[in-house]
Amino acid sequence: MIQVHKLTFNPFQENTYVLSDETKECIIIDPGCYEKVERDHLQQFIEGNGLKPVKLVNTHCHIDHVLGNYFVSEQWGLELWMNELDIPTLNAIQNYADLYGLGGYQLSPQPSHFLNGGDKLTFGNSSLDVIFGPGHAPGHLAFYSAEDKFVINGDILFQGSFGRVDLPGGDFATLKKTILEKMFALPDDTVVYTGHGAETTIGTEKESNPIRWMEL
Ligand SMILES: [Zn+2]
C-alpha cells in the first residue's frame, strides 16, 4: 500500500509529495523546497521515516515545482523522470527566476528518463499509471493508483478550480479535454492530490468544478 505524504513549500505554497510503501523505498514528486529550512524539513521527513528515495519525478516543470530538483538529485543521487515535452519549460526557468524573486534557484538536472501516457511509474512493490494530461503545461503528467484510489495530479485540477493556462505552452481547450476525458474518467472516489491547496475527489469535481461549463 502506498503512503502519500504532502509537504508545502516556497512562496507559491506548492505541494511536494513523497510516496512510499512497505519496502521503505520512496519517490519524490515535484520537490518545491527552496529555503534551507524547507530542504531540511524534507530531509528530516525522509531520514526520520527511514525512507530510501529512488526517483525524482516532475508532473511538469514550472518553477514552483522544480525549485528543489537540484537538492534532491544531489542529496540522494537521483535521476529525473518527466515528460519530454516539458523540457522547454524546464530550460526557460533560468531566464525568469530573478523576475519571481527566486534568484537562489539551483539549476535542475536534465531528465535521464522520459515518462509517457500509459507507462508505469514504479518503486518498491508499487506501480502507478502515468496519465498524459497537457493544457496547463505541454508535458504535464498525472500519476494514478487504482489500488489505493488516488491520483497525483499536479496543476491539472484544483479543489473547485483548475490550472492556469496563460503561461507558455498553456491552452484552455487542451486542459478542458484532459480534465473531461482523462481525469473525469477515473472513479468518483479517487482522491486528487493537487499541486496547490487541499485534496479533493474526482466525484466532487465532476459535480462542481466550473471547467465543465466554461468556454474560452
Ligand atoms: Zn504549474
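In the predicted model, S208 belongs to helix α6, which spans residues 202-208. S208 counts as exposed because 11 C-beta neighbours lie inside 10 Å, and the cut-off for an exposed residue is 12 or fewer. Although S208 and S161 are separated by 47 residues in sequence, their C-alpha atoms are 9.2 Å apart in space.

An open sheet of six strands, with mixed pairing, is arranged in the order β7-β8-β9-β10-β13-β14. Strands β7 (120-123) and β14 (200-201) each have a single partner strand and stand at the edges, so one side of each is left without a neighbour in the sheet. Within this sheet, β10 (residues 150-152) and β13 (residues 191-193) run parallel and are joined by three bridges; at one of these positions, I152 has Y193 of β13 as its bridge partner.

Strand β2 (residues 14-20) pairs with two other strands, β1 and β3. The pairing of β2 with β1 (residues 3-9) is antiparallel and extends over seven bridges, with L19 of β2 serving as the bridge partner of V4. The pairing of β2 with β3 (residues 25-29) is likewise antiparallel and comprises four bridges, and here S20 stands opposite C26 of β3.

Burial along β2 was examined next. In a regular strand, side chains alternate between the two faces of the sheet. On one side of β2 lie E14, T16, V18 and S20, and on the other N15, Y17 and L19; these residues are all buried, and both faces of the strand are accordingly covered. Expressed as a count, seven of the seven residues of β2 are buried.

The connections on either side of β2 contain residues with positive phi values. Most residues other than glycine have a negative phi. The hairpin of β1 and β2 has four residues between its strands, and N10, which lies in the loop between them, has a positive phi near 65° despite being a residue other than glycine. Q13 is also placed in the loop between β1 and β2, and its phi is positive as well, at about 50°, although Q13 is not a glycine. The surroundings of these two loop residues are set apart by their neighbour counts: N10 is buried, because 20 other C-beta atoms lie within 10 Å, whereas Q13 is exposed, because 12 other C-beta atoms lie within 10 Å. In the hairpin of β2 and β3, which likewise has four residues between the strands, K24 takes a positive phi near 80°.

Helix α3 (residues 69-76) has as its buried residues N69, F71, V72 and S73. The elements that cover these buried residues include both strands and helices, among them β3, β4 (52-57) and β5 (80-82), together with α1 (36-48) and α2 (63-66). Strand β3 is thus found in two of the settings described here, as an antiparallel partner of β2 and as part of the cover over the buried residues of α3. After α3 comes G77, whose phi is positive and near 60°.

Key:
Residues numbered from 1 in each chain as written. Predicted model: local features only at pLDDT ≥ 70, side-chain atom pairs only at ≥ 80, totals over all residues. Pairing = 2+ DSSP bridges. Contact = placed C-beta atoms within 7 Å.
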